[in-house]
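Hi,

Here is the model we talked about, for you to open and turn around on your own screen. My notes on what turned up follow below.

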Amino acid sequence: MTIIDQLEKEQVRTDLASFNIGDTVRVSYKVKEGDKERVQNYEGVVIAKKGAGVRENFTVRRISFGIGVERTFPLNSPRIEKIVVVRKGAVRRAKIYYIRNLSGKAAKVKEVK
């Protein structure tokens with residue numbers, strides 16, 4: 001194992017909830033505004049996970065005032081306070097980008113029973 005691998009292994013977070021593509025998650029993200037810091041919740045469907053180890057990212061999509069909004073978070077960021085899985089989704093793809101073209105009930109992900 002190289003020195004870089006050892007350093008990266010130390011920085012990987014293990015305290016966050018495990019989730020998959022299609023799950024609805026609530027991400028509590030620390031936002032700094034001026035000299036103050038507050039926690040902002042962002043809830044939506046996970047449409048993609050990329051990377052591995054320290055470089056892992058995930059993209060969350062939600063509908064805000066009728067417009068689709070996507071936000072990508074680095075999984076191991078110290079700014080993420082917690083991740084709560086609201087509901088488990090049943091999907092058969094690794095990336096569900098096709099949801100971008102759907103609207104209404106068609107854009108809903110089925111729940112795991």
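First, a word on terms: rings of Phe, Tyr and Trp count as a pair if their centres lie within 6.5 Å, and planes over 60 degrees apart make the pair edge-to-face. Keep in mind that this is a predicted model.

With that rule, a search of the whole structure turns up four aromatic pairs. One of them is Phe19 with Phe58, an edge-to-face pair at 4.9 Å centre to centre and 65° between the planes. These two come from distant parts of the chain, 39 residues apart: Phe19 sits in the loop between helix 1 (3–11) and strand 1, while Phe58 belongs to strand 3. Are the two rings buried or exposed? Phe19 has 4% relative accessibility, so it counts as buried, and Phe58 is buried too, with a relative accessible area of 1%. Both also belong to one aromatic cluster, together with Tyr29, Tyr42 and Phe73.

Phe58 is worth clicking on for its other neighbours. Beyond those within four places in sequence, its contacts include Phe19, Val27, Ala48, Arg71, Phe73, Leu75, Ile80 and Ile83.

Next, the nonpolar core. The largest one has 21 residues, and the members that touch the most others are Phe58, Val60, Phe73, Ile80 and Ile83. Strand 1 (24–33), strand 2, strand 3 and strand 5 (80–87) each give at least two residues to this core. Which strand supplies the largest share? That is strand 2, with five residues.

Now the pocket. The largest one holds about 320 Å³ of space. It is lined by 16 residues, and those closest to its centre are Val45, Ile63, Ile99, Ala107 and Lys108. Strand 2 (36–50) and strand 3 (57–64) each put at least two residues into the lining. By class, the lining is a mix of seven nonpolar, four polar and five charged residues.

One last thing to look at is Phe65, in the loop between strand 3 and strand 4 (67–74). Most residues other than glycine have a negative phi. Phe65 has a positive one, near 55°. How does Phe65 sit, buried or exposed? Its relative accessible area is 86%, and the cut-off for exposed is over 50%, so Phe65 is exposed.

Happy to go through any of this with the model open.

Cheers

Definitions and conventions
Residues numbered from 1 in each chain as written. Predicted model: local features only at pLDDT ≥ 70, side-chain atom pairs only at ≥ 80, totals over all residues. Heavy atoms only, no water. 1 Å grid on protein atoms, 1.4 Å probe; cavity = no way out; pocket = protein on both sides within 12 Å on 5 of 7 lines; lining within 4 Å. Points joined across faces, edges and corners; volume = space filled by probe spheres on them. Helix = DSSP H or I, 4+ residues; strand = E, 2+ residues; numbered from the N terminus. Nonpolar A, V, L, I, M, F, W, Y, C, P; charged D, E, K, R; others polar. Core = buried A, V, L, I, M, F, W, Y, C linked by side-chain atoms within 4.5 Å. Buried < 20%, exposed > 50% of the residue type's maximum accessible area, 1.4 Å probe, protein only. Contact = heavy atoms within 4.5 Å. Phe/Tyr/Trp six-rings, centres within 6.5 Å; stacked < 30°, edge-to-face > 60°.
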